[in-house]
Amino acid sequence: MTAETAQRGRLGIFGGTFDPIHIGHLRAVTEVAEELELAQVLFMPCHHPPHPKDVQASAAHRLEMVRRAVADNPRFGVSDLEVRRPGKSYAVDSLAEFSRLYPGRPLYWLIGADAFFALHQWYQPRRLFDLADFVVMTRPGSPGRDLREYLTHYLDPAFAPADNAWVRLPNGHGAKLLTTTLLDISSTDIRRRAAQGRALTYLVPPEVEDYICEMKLYTTPEGED
Ligand code: ATP
Ligand code: MG
């Protein structure tokens with residue numbers, strides 16, 4: 001892939017807290033990028049998650065871990081857009097910014113099934129579908145719910161079945177479930193292991209494990225400092 005096609009092709013955006021990034025994230029996104037022929041995927045750590053959630057490492061550390069994790073993959077990049085923006089990180093604001101930065105470029109928001117089925121609690125969820133398509137990745141333990149049933153119930157009754165198992169609005173934007181390899185890995189479990197001084201090998205890339213050790217991240221159990 002040339003730099004030029006990377007500038008033009010389909011752009012994936014993968015938002016998360018990434019506290020820390022792990023192999024579950026990287027493998028699922030690899031499979032989505034392959035399946036949907038995404039030219040590039042930008043991993044975007046949030047600054048302050050909009051919903052109450054325990055975030056342990058600073059935004060700067062989480063961003064640096066993502067940088068190190070994707071450094072050797074030419075298809076993957078990092079966006080510091082939310083980390084730089086003060087206040088809560090709303091996906092709708094980020095997508096509006098991406099469509100200004102990359103006019104005419106199709107945007108795909110990548111999301112795990114657990115997070116997707118909470119979309120109705122996000123800020124202005126219906127507006128997200130004026131800006132991007134949503135690619136939902138399977139995750140162990142996440143609801144096996146029907147996308148269309150969920151979207152028509154909570155967001156807009158106009159979501160309808162379309163080609164290639166997409167569910168779309170009349171404006172052309174929609175969502176699709178992709179069955180990615182089920183890896184039962186979570187950042188919560190990784191933070192717990194780190195706090196117990198246990199190895200993180202094969203759960204996170206070696207660069208990330210080294211960084212966590214070097215910076216002494218997650219050394220205290222959650223909720224304690
Ligand atoms: P935490 O346990 O702190 O919530 P997490 O492992 O869920 O961490 P997040 O940063 O919350 O990671 O997730 C970012 C995105 O990645 C979300 O859309 C989430 O659904 C997805 N995701 C996380 N882990 C996996 C996994 N193992 N397989 C598929 N998707 C995942
Ligand atoms: Mg999560």
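Me: In which loop is the place of Pro 20?
Reply: This is a predicted model, in which local features need pLDDT of at least 70, side-chain atom pairs count only at pLDDT 80 or more, and totals for chains, interfaces and linings use all residues. Residues are numbered from 1 along each chain as its sequence is written, chains are lettered from A and ligands numbered from 1 in the order in which they are written, and side-chain values use heavy atoms, with hydrogens and water left out. Helices (H or I, at least four residues) and strands (E, at least two) are DSSP runs, numbered from the N terminus. On that numbering, Pro 20 belongs to the loop between strand 1 and helix 2.

Me: Is the peptide bond from Asp 19 to Pro 20 cis or trans?
Reply: The angle to consider is omega, which is near 0° for this bond. The bond from Asp 19 to Pro 20 is therefore described by one word, cis.

Me: In what order do the eight strands stand in the open sheet?
Reply: Two strands pair if DSSP finds at least two bridges between them. The pairing in this sheet is mixed. Strand 3 (76–78) and strand 6 (160–161) are the edge strands, since each pairs on one side only. The order is 3-2-1-4-5-8-7-6.

Me: Which residue of strand 3 is the bridge partner of Leu 42?
Reply: Strand 2 (residues 40–45) and strand 3 run parallel and are joined by three bridges. The partner of Leu 42 in strand 3 is Gly 77.

Me: What angle does helix 5 make with strand 4?
Reply: Helix 5 (residues 91–101) packs on the sheet and touches strand 1, strand 2 and strand 4, where contact means heavy atoms within 4.5 Å. Axes are lines fitted to C-alpha atoms, for helices over the stretch in contact, and angles run from 0 to 180 degrees between N-to-C directions. The angle with strand 4 is about 150°.

Me: How far is the polar side-chain atom of Asp 114 from an oxygen atom of ligand 1?
Reply: A residue is near a molecule if one of its heavy atoms lies within 4 Å of it, and 21 residues surround ligand 1, with Asp 114 among the closest. A polar contact is a pair of N or O atoms within 3.5 Å. For Asp 114 the distance is 2.5 Å.

How values were computed
Polar contact = N/O pair within 3.5 Å; in protein donor to acceptor, adjacent residues only side chain to side chain.
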